[in-house]
Amino acid sequence: MTPNQSTQLSNDIIAALRKALPNTDNAFTPLHEPTFRGNEWTYVKECIDTGWVSSVGSYVTRIEEMIAEITGAKYAVAVVNGTAALHVALLLAGVMPGDEVLLPALTFVATANAVRYTGAVPHFVDIDSATLGVDARKLGNYLYEIAERRSDGWYNKGTGARLRAVVPMHTFGHPADLEPLQRICERFGLVLVEDAAESLGSYYKGKHTGTFGTIAALSFNGNKIVTTGGGGAILTDDQAIARRAKHLTTTAKLPHAWEYSHDEIGFNYRMPNLNAALGCAQLEQLPRFLESKRALYLKYEQAFSAVEGVSLFKEPEYASSNYWLQTLILDESAASARDVILELTNQAGLMTRPAWKLMTHLPMYAGCPSMDLSVSRSLEARIINIPSGSALGA
Ligand SMILES: *Cc1c(COP(=O)(O)O)cnc(C)c1O
């Protein structure tokens with residue numbers, strides 16, 4: 001695009017955003033703001049009034065019950081953040097130092113970091129432009145090429161490393177195509193671990209994300225659809241895994257009236273009661289948040305229908321997404337305008353952000369194994385997230 005065309009497209013995008021978001025003329029509109037319109041104050045105050053702010057208190061149990069109920073997972077274990085949830089999920093999936101774990105190149109850095117915390121090596125795979133999640137067909141073909149079966153499992157022929165797990169991520173809340181991924185995991189003896197950090201309230205064929213793998217991680221960071229300030233959860237249907245998750249995230253302390261006895265190296269990953277209290281109040285409002293986010297999507301759909309050069313990302317056919325972050329995809333021909341668009345929209349007080357850099361473009365992961373990443377690379381240059389807070393759709 002010529003500089004003039006880029007400016008024109010930016011102005012069209014700003015006009016469409018203003019049309020969908022009336023009353024934002026003089027205000028700054030953040031990318032994603034939390035909404036506190038329920039019992040947040042009451043519950044948090046109760047923690048302070050009773051003194052139960054930290055590692056003991058009833059809200060932790062309550063939030064775990066609420067998460068299990070909402071997602072349909074049999075067990076939920078509340079932890080300090082989504083990254084910690086992923087770390088422990090991978091350990092419980094049996095990931096060992098030196099193993100390879102397959103994950104999308106287009107993700108938040110925490111997915112890859114959690115893999116490294118276990119001592120395993122991230123092995124990056126490509127995504128599908130229709131879902132923004134792992135391309136199952138491409139992954140399957142790739143594994144037929146690079147994997148070899150040995151007596152105890154499947155190995156990467158090239159590196160000699162054990163292939164242990166696949167970690168799909170539900171990008172911006174849109175479910176990855178999970179059933180084909182489940183089949184691939186079965187075929188190659190891989191454990192399915194879902195990074196569902198962004199997809200609370202998102203369903204794949206009517207079933208909540210995070211309930212398709214052996215284990216999954218949620219995040220309740222301040223920018224997610226529901227926040228505990230900072231927090232996360234581990235989901236599983238397996239009682240033994242759930243018990244281990246609880247044990248490992250509470251310093252592996254053996255229950256006893258007064259003795260400090262620990263039977264392995266655990267983690268201090270438990271969610272404090274104060275954060276759980278905030279989260280309970282937030283989870284009560286999830287249905288409303290989901291409604292507002294869908295309403296905002298529809299407003300944007302209308303506003304952007306006439307803008308040439310970009311399209312608004314729509315949930316995959318099989319999915320009901322939470323529309324956590326609303327997403328514009330630039331046409332290939334408009335990719336060169338991305339930075340001008342980012343510059344001018346932010347200048348106009350409308351916060352926009354590009355997608356994360358591909359993990360393979362970060363210094364610590366540049367040398368990791370990966371398949372052809374052409375779709376990830378193309379999308380990395382064309383994604384722009386636009387204001388998405390729940391309040392905007394109300
Ligand atoms: C937010 C997020 C995480 C990590 O969650 P925190 O609670 O911030 O640690 C992990 N993966 C993805 C894809 C995320 O968006």
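The exercises below, each with a worked solution, concern the predicted model shown above.

**Exercise 1. The nonpolar cores**

Find which residues touch the most other members of the largest nonpolar core, and establish which helix and which domains contribute to this core.

*Solution.* Begin with the core as a whole, which holds 102 residues, and look for the members with the most contacts to other members: these are Ile 67, Leu 139, Leu 143 and Val 193. Next, turn to the helices, where α4, spanning residues 82–92, gives the most to this core, with seven residues. Then compare the core with the domain bounds: at least three of its residues come from domain 1 (3–34 + 286–357), and at least three come from domain 2 (39–284). As a further step, take Leu 143 and set aside residues up to four places away in sequence; what remains in contact with Leu 143 is Leu 102, Leu 163, Ile 184, Phe 188 and Leu 190. Finally, there is a second, separate core of 25 residues, and among its members are Leu 17, Phe 304, Tyr 323 and Leu 330.

**Exercise 2. A three-stranded sheet**

Work out the strand order of the open sheet that contains β8, and identify the strands at its edges.

*Solution.* The three strands run in the order β9-β8-β13, with antiparallel pairing. To find the edges, look for strands that pair on one side only, a condition met by β9 (207–208) and by β13 (319–320). Now examine the pairing of β8 (residues 203–204) with β13, which is antiparallel and extends over two bridges. Within this pairing, Tyr 203 lies opposite Ser 320 of β13.

**Exercise 3. Lys 224 and Ser 199**

Decide whether Lys 224 and Ser 199 are buried or exposed, and describe the loop in which each is found.

*Solution.* Start with Lys 224, which an unreviewed UniProt entry lists under "active site". Lys 224 belongs to the loop between β10 (215–219) and β11 (232–236). Its relative accessibility is 10%, and because the cut-off for a buried residue is under 20%, Lys 224 counts as buried. Apart from neighbours within four places in sequence, the contacts of Lys 224 are His 32, Ala 197, Glu 198, Ser 219 and Trp 324.

Continue with Ser 199, which is placed in the loop between β7 (191–195) and β8. Ser 199 has a relative accessible area of 0% and is therefore buried by the same cut-off. Once residues up to four places away in sequence are excluded, Ser 199 touches His 170, Gly 173, His 208, Thr 209 and Asn 322.

Key:
Residues are numbered from 1 along each chain as its sequence is written. This is a predicted model: local features need pLDDT of at least 70, side-chain atom pairs count only at pLDDT 80 or more; totals for chains, interfaces and linings use all residues. Side-chain values use heavy atoms; hydrogens and water are left out. A nonpolar core is a set of buried Ala, Val, Leu, Ile, Met, Phe, Trp, Tyr and Cys residues joined through side-chain atoms within 4.5 Å. Buried means under 20% relative accessible area, exposed over 50%, partly exposed in between (1.4 Å probe, protein chains only). Helices (H or I, at least four residues) and strands (E, at least two) are DSSP runs, numbered from the N terminus. Domain bounds come from an automatic or database domain assignment. Contact means heavy atoms within 4.5 Å. Two strands pair if DSSP finds at least two bridges between them. UniProt positions are given in the numbering used here, feature names are shortened, and annotations may be inferred rather than shown by experiment.
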